[in-house]
Amino acid sequence: APARQGWLDRLKNGLRKTGSNIATVFTGTRIDDDLYEELETALLMADTGVKATEHLLQDLKRRVKEAKATEPAQVKGLLADAIADLLQVLQKPLEIGAHHPTVIMVAGVNGAGKTTSIGKLTKHLADSGLSVLLAAADTFRAAAREQLAVWADRNTVEIVSQEGGDPAAVSFDAVTAGRARARDVVLVDTAGRLPTQQHLMHELGKIKRVVQKAEASAPHEVLLVIDGNTGQNALAQVKAFDDTLGLTGLIVTKLDGTAKGGVLCAIAREKPIPVYFIGVGEKLEDLETFDAREFAQALLS
Ligand code: GDP
């Protein structure tokens, strides 16, 4: 579809910053140690991380031998295959089950693009015919509640919000309201926080437990929004939030202009949690499902 092509182009343009360093490795004429060394540096610079970089180099050398490749251009194609295979473990769609309401908790550090992603996700769900209720569990920052209300307005969905008050209590109320009003999905927006802020991480655990009290099988999904532009730092966030909350999925934002797109390889190798969506821009429709092969190709284009 043309729409899908449009975002792929945007992803390619965006990842050019990541890819340009990697692609130049293959402009020479020989497949030798220098090529592999340059590739190692380029992958590390793209925030692929030591483990994933080692894995990719080994896998690539095996593929080169097997294919009896003689041209660097062929090696580039084989690298795309190796990256796609590595990323495959992250490719899994978000499925809204039969449970009403399906409760989705969303966490992230400030500025990662959490609120924007919730707005986009709301549109995505509404477009597939699901009724959505938003819960503003960031009771502390007035600006955060207002911003979420704007996204609720744009999508014409309801929002449960409360000034001050306890984030867990607001979440509880929202889940109860979602059930009473027979909504398909309740999206719980939590306040941005750093993994080092222990009391705030503790609060996330409390929100999860209280949501469970409102609905025994909830939360059905616990998502973390990470900024793809923060590379290895994003991987550290995935590990920390997973320890506290038990994540079921990721949304990786800002892939429309990053030099650190290799971080998805690091996540695939070190903490493989499904990437339900990627963010490729600031607009409502700039949310896409993750495709390992397309991403690998975009990375090397
Ligand atoms: P929050 O603090 O995590 O809720 O972050 P926001 O949703 O307020 O987003 C922070 C900034 O990142 C805003 O300027 C957004 O427009 C921008 N942003 C969010 N997602 C994307 C994305 O996928 N691409 C780009 N280019 N910008 C994004």
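**Reading a predicted fold**

Mentor: Leu247 sits in the loop between α9 (232-245) and β6 (249-253). Keep in mind that this model is predicted.

Trainee: Why does Leu247 count as buried?

Mentor: Its relative accessibility is 10%. Buried means under 20%. The value falls under that cut-off, so Leu247 counts as buried.

Trainee: Which residues does Leu247 touch, leaving out those up to four places away in sequence?

Mentor: Val222, Leu223, Leu224, Val238, Phe241, Asp242 and Ile273. Take Val222: 25 residues separate it from Leu247 along the chain, but their C-alpha atoms are 5.0 Å apart.

Trainee: Now Thr156. Is it buried or exposed?

Mentor: Exposed, at 73% relative accessibility. The cut-off for exposed is over 50%, so Thr156 passes. Thr156 lies in the loop between α6 and β3. Its phi is near 45°, a positive value in a residue other than glycine.

Trainee: What makes Ala182 count as exposed?

Mentor: Apply that cut-off again. Ala182 has 54% relative accessibility, which is over 50%, so it counts as exposed. Its phi is positive too, about 55°, although Ala182 is not a glycine. Look for Ala182 in the loop between α7 (167-180) and β4.

Trainee: Why is strand β2 called largely enclosed by the rest of the structure?

Mentor: Count its residues. β2 covers residues 132-137, and 6 of the 6 are buried, so it is largely enclosed. In a regular strand the side chains alternate between the two faces of the sheet. Now check each face. Val132, Leu134 and Ala136 are buried on one side, and Leu133, Ala135 and Ala137 on the other.

Trainee: How do you know that β2 and β4 pair?

Mentor: Pairing needs at least two bridges. β2 and β4 (residues 185-190) have 6 bridges, so they pair, in the parallel sense. One partnership is Ala137 with Thr190 of β4.

Trainee: In what sense do β2 and β3 pair?

Mentor: Parallel, over 3 bridges. Find Leu134: Ile159 of β3 stands opposite. β3 covers residues 158-160.

Trainee: Which elements make a right-handed β-α-β unit with β2?

Mentor: Helix α6 (residues 142-154) and β3. There is also a right-handed β-α-β unit made by β6, helix α10 (residues 263-270) and β7.

Trainee: Why is β7 called mostly covered?

Mentor: 5 of its 5 residues, 275-279, are buried. β7 runs parallel to β6, joined by 3 bridges. Leu250 has Val275 of β7 as its bridge partner. With β8 (residues 287-289), β7 pairs in the antiparallel sense over 3 bridges. There, Gly279 stands opposite Leu287.

Trainee: What lies 3.3 Å from a backbone N or O atom of Gly279?

Mentor: An oxygen atom of the ligand. A polar contact is a pair of N or O atoms within 3.5 Å, so this pair qualifies.

Trainee: Which residues are the closest to the ligand?

Mentor: Of the 17 residues that surround it, the closest are Gly111, Lys114, Thr115, Thr116 and Glu282. A backbone N or O atom of Lys114 lies 2.7 Å from a ligand oxygen atom. Asp256 has a polar side-chain atom 2.8 Å from a ligand nitrogen atom.

Trainee: Which residues have the most contacts inside the largest nonpolar core?

Mentor: Leu87 and Leu187, in a core of 101 residues. Helix α4 (residues 72-87) gives the most to this core: 9 residues. Beyond its neighbours within four places in sequence, Leu87 is in contact with Leu264, Cys265, Ala268, Phe290, Ala292 and Phe295.

Trainee: Why is helix α11 called largely enclosed?

Mentor: α11 spans residues 292-299, and 6 of its 8 residues are buried, so the rest of the structure largely encloses it. Ala292 and Phe295 are among the buried ones.

Trainee: What makes Asp291 a cap for the N-terminal end of α11?

Mentor: A side-chain oxygen of Asp291 lies 3.1 Å from the backbone nitrogen of Arg293. That is within 3.5 Å, so the distance suits a polar contact.

Trainee: Last one. Which residue does a cis peptide bond join to Pro101?

Mentor: His100, with omega about -10°. Pro101 is in the loop between α4 and β1 (102-108). A cis peptide bond also joins Ala218 and Pro219, with omega about -10°.

Technical notes. Residues are numbered from 1 along each chain as its sequence is written. This is a predicted model: local features need pLDDT of at least 70, side-chain atom pairs count only at pLDDT 80 or more; totals for chains, interfaces and linings use all residues. Side-chain values use heavy atoms; hydrogens and water are left out. A nonpolar core is a set of buried Ala, Val, Leu, Ile, Met, Phe, Trp, Tyr and Cys residues joined through side-chain atoms within 4.5 Å. Buried means under 20% relative accessible area, exposed over 50%, partly exposed in between (1.4 Å probe, protein chains only). Helices (H or I, at least four residues) and strands (E, at least two) are DSSP runs, numbered from the N terminus. Contact means heavy atoms within 4.5 Å. A crossover is right-handed if, with the strands pointing away from the viewer, the path from the first strand over the helix to the second runs clockwise. A residue is near a molecule or strand if one of its heavy atoms lies within 4 Å of it. A polar contact is a pair of N or O atoms within 3.5 Å; within protein, one must be able to donate a hydrogen and the other to accept it, and residues adjacent in sequence count only if both atoms are side-chain atoms.
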